[in-house]
Amino acid sequence: MQRRERTRHLIELGGLVQKAGLVDLANDDRATLYGAMLELAAKARDDGNALALWKRRGKRAFDAEAEGSEAQ
């Protein structure tokens with residue numbers, strides 16, 4: 001991956017953290033956010049259904065957001 005593409009990818013991932021409300025929830029504490037992400041990764045490794053569940057929830061949220069922006 002080229003540097004510019006990688007930078008854009010990382011910015012988009014950071015945007016998802018913000019969009020999910022995690023930055024405000026953790027009072028912008030990076031150690032808390034990192035710990036939470038480590039916990040999610042561990043859960044995903046232990047629970048084979050976790051990723052599928054999270055994907056469905058995320059897709060529904062994206063779809064709902066798209067419908068809301070179309071209505072405006």
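**Figure 1. Fold of the predicted model, which reads α-α-α-α along the sequence.** In this predicted model, the protein contains four helices and zero strands. The C-alpha atoms fill a box of roughly 40 × 35 × 30 Å when the box is taken along the principal axes. The radius of gyration is 15 Å, whereas a compact globule of 72 residues would have a value near 11 Å. Buried residues make up 8% of the 72 residues, and the accessible surface comes to about 6,500 Å², of which 55% belongs to carbon and sulfur atoms. The protein carries 13 positive and 12 negative charges, and the mean positions of these two sets are 5 Å apart.

**Figure 2. Close-up of a nonpolar surface patch made by Leu10, Leu13, Leu16 and Phe62.** The patch has an area of about 350 Å², and helix 1, which spans residues 3–19, gives the most to it, with three residues. Leu13 has its place in helix 1 and counts as partly exposed, because its relative accessibility of 39% falls between the 20% limit for buried residues and the 50% limit for exposed ones.

**Figure 3. Close-up of the loop between helix 2 (22–25) and helix 3 (30–46), where Asn27 has its place.** Most residues other than glycine have a negative phi. In Asn27, by contrast, phi is near 55°, a positive value in a residue that is not glycine. Asp28 is found in the loop between helix 2 and helix 3, and it also has a positive phi, of about 60°, although it is not a glycine. As for the surroundings of these side chains, Asn27 is exposed, with a relative accessible area of 67%, while Asp28 is partly exposed, with a relative accessible area of 40%.

**Figure 4. Close-up of the salt bridge in which the side chains of Glu65 and Lys19 meet.** Side chains of opposite charge can pair when their charged atoms come close. In the pair shown here, the distance from N to O is 2.8 Å. Glu65 lies in helix 4 (residues 50–71) and Lys19 in helix 1, so the salt bridge ties together parts of the protein that are 46 residues apart in sequence. Glu65 is partly exposed, with a relative accessible area of 41%, and Lys19 is likewise partly exposed, with a relative accessible area of 49%. The structure holds five salt bridges, and this pair is one of them.

**Figure 5. Close-up of the salt bridge between Lys59 and Asp63.** The closest N and O atoms of Lys59 and Asp63 are 3.1 Å apart. Both residues lie in helix 4, where they are separated by four residues, about one turn of the helix. Asp63 counts as partly exposed, with a relative accessibility of 34%.

**Figure 6. Close-up of the salt bridge that Lys43 forms with Asp47.** The closest N and O atoms of Lys43 and Asp47 are 3.8 Å apart, and the pair therefore meets the criterion for a salt bridge, which asks for a side-chain nitrogen of Lys or Arg within 4 Å of a carboxyl oxygen of Asp or Glu. Lys43 is partly exposed at 42% relative accessibility, and Asp47 is partly exposed as well, with a relative accessible area of 27%.

Notes:
Residues numbered from 1 in each chain as written. Predicted model: local features only at pLDDT ≥ 70, side-chain atom pairs only at ≥ 80, totals over all residues. Heavy atoms only, no water. Patch = residues over 30% accessible without salt bridge, like charges linked within 9 Å, V, L, I, M, F, W, Y side chains within 5 Å. Areas by Shrake-Rupley, 256 points an atom, 1.4 Å probe, with all protein chains shown as cover. Helix = DSSP H or I, 4+ residues; strand = E, 2+ residues; numbered from the N terminus. Buried < 20%, exposed > 50% of the residue type's maximum accessible area, 1.4 Å probe, protein only. Rg over C-alpha atoms; globule rule 2.2 N^0.38 Å. Lys, Arg positive; Asp, Glu negative; His and termini not counted. Charge placed at Lys NZ, Arg CZ, Asp CG, Glu CD.
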